[in-house]
Amino acid sequence: MTNEQIVLAKRPQGVPQDDVFRFETIDVKAPEDGEIQVESIYISVDPYMRGRMNDTKSYVPPFELEQPIHGHIVGKIVESKNDDFKVGDYVTGILPWKKVNTVSGDVVRQVASKEVQLHLYLSVLGMTGMTAYMGLLKIGQPKAGETVVVSAASGAVGSVVGQIAKIKGARVVGIAGGDKKTAYLKDELGFDAAVDYKKEDFKEQLEAAVPDGIDVYFENVGGEVSDEVFKHLNRLARVPVCGAISTYNNESEDIGPRIQNTLVKNQALIQGFVVAQFEEYFEEGSKELAQWVSEGKIKTKISIDEGFESLPSAFRKLFTGENFGKQIVQVSEE
């Protein structure tokens, strides 16, 4: 049997183009004792992966040149030599970008339920949902009546952040790009206000949306959007920093306003985080997220591209704003 994989062919400059990704045909490796063979069904593309394409120090090692790119995958077991897994089981884990992976059983976990759509384990019931939960509730700690602002609010993480904040009784303002996305935030997700950062009057829109200032700012984008948000922070505001996607493809250092005086003046907290640091709360988060989804309190938007060959173009959509919600690629049938 033949297999296919995508390797990192070169370090990107700016937005990764097709020459950064190389498709290779390889053999399917037969499983040995303790191993399973997993056919990929859904593969997630996520902004953090852009940082791993650079040869720089970060919270995770960079992707190696000439080696497969890794990401979150939901797949089906097609062969097993591990007593804990049987053929037909669905599993999820961080695996190489391959159509078929042969791996040890301890690098994947079975999906909690087959009663929900499988791709949800790559969005609200996976890393993105957990990132929203931990960053907002463990760092942001919104209280009823406070104002929570979320950037990239229609995205996979931001949309869940805003909905959790609403569950907790906060007033929620989302920042997104375009009429379609801002309407989605208000009309479908129940945000109290939505601000379009692409409009010329963005600053005026934001000021009107936060008349009582901002108590929690969930940071996803960085850049000029955040420069403006920081002007409205209240005393003792909390700023969980999940990412800064507007800067990921910059070819030079991102330089903006100095914020130290703002933090001191407002005694504000700003804290960067990665979801793995909250591992002790994963069981709690999984249970609450699953309950909120089952109760219809959290909705999610999914963009699904078709075909293994679509992975590079789907990845680029994260940085152009073409995708809507969580971006996933389906590479085989369930």
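# Reading a predicted model

Biologist: Which element gives the most to the lining of the second largest pocket?

Modeller: Helix α6 does, with four residues. Keep in mind that this is a predicted model.

Biologist: How many residues line the second largest pocket, and which lie nearest its centre?

Modeller: The lining has 16 residues. Nearest the centre are G222, G223, S226, D227 and D254.

Biologist: What is the volume of the second largest pocket?

Modeller: About 290 Å³.

Biologist: How do the lining residues of the second largest pocket divide into nonpolar, polar and charged?

Modeller: Seven are nonpolar, five are polar and four are charged.

Biologist: Now a helix. Which residues of α5 are buried?

Modeller: Start with the cut-off: buried means under 20% relative accessible area. In α5, residues 202-209, that picks out F202, L206 and A209. Look down the axis of α5: these buried residues fall within an arc of 65°, so they line one face of the helix.

Biologist: Which exposed residues does the face of α5 turned away from its buried side carry?

Modeller: That face carries E207 and A208.

Biologist: What covers the buried residues of α5?

Modeller: The cover includes β9 (171-176), β10 (193-196) and α6 (223-229). You met α6 already, in the lining of the second largest pocket.

Biologist: On to strands. How many bridges join β3 to β4?

Modeller: First, the general idea. Side chains in a regular strand alternate between the two faces of the sheet. Now the case here. Seven bridges join β3, residues 35-44, to β4, residues 70-80, and the two strands run antiparallel. For one position, find Y42: V74 in β4 stands opposite.

Biologist: In which sense do β4 and β5 pair?

Modeller: They pair in the antiparallel sense, over seven bridges. Strand β5 spans residues 90-96.

Biologist: Which residue in β5 is the bridge partner of H72?

Modeller: I94 is the partner.

Biologist: Let us end with a single residue. Where does T131 lie?

Modeller: T131 lies in helix α2, residues 127-140.

Biologist: Does T131 count as buried or exposed, and why?

Modeller: Use the cut-off again: under 20% is buried. T131 has 8% relative accessibility, so T131 counts as buried.

Biologist: Which residues does T131 touch, not counting residues up to four places away in sequence?

Modeller: T131 touches V157, F218, C242, F273 and V275.

Biologist: What separates the C-alpha atoms of T131 and G285?

Modeller: Along the chain, T131 and G285 are 154 residues apart. In space, their C-alpha atoms are separated by 9.6 Å.

Terms used
Residues are numbered from 1 along each chain as its sequence is written. This is a predicted model: local features need pLDDT of at least 70, side-chain atom pairs count only at pLDDT 80 or more; totals for chains, interfaces and linings use all residues. Side-chain values use heavy atoms; hydrogens and water are left out. Two strands pair if DSSP finds at least two bridges between them. Buried means under 20% relative accessible area, exposed over 50%, partly exposed in between (1.4 Å probe, protein chains only). The arc is that of the directions from the helix axis to the C-beta atoms. Contact means heavy atoms within 4.5 Å. On a 1 Å grid over the protein atoms alone, a cavity is a set of points where a 1.4 Å probe fits but cannot get out, and a pocket is an open set with protein on both sides within 12 Å along at least five of seven lines; lining residues have an atom within 4 Å of a point. Grid points are joined across faces, edges and corners, and a volume is the space filled by probe spheres set on the points. Ala, Val, Leu, Ile, Met, Phe, Trp, Tyr, Cys and Pro count as nonpolar, Asp, Glu, Lys and Arg as charged, and the others, Gly among them, as polar.
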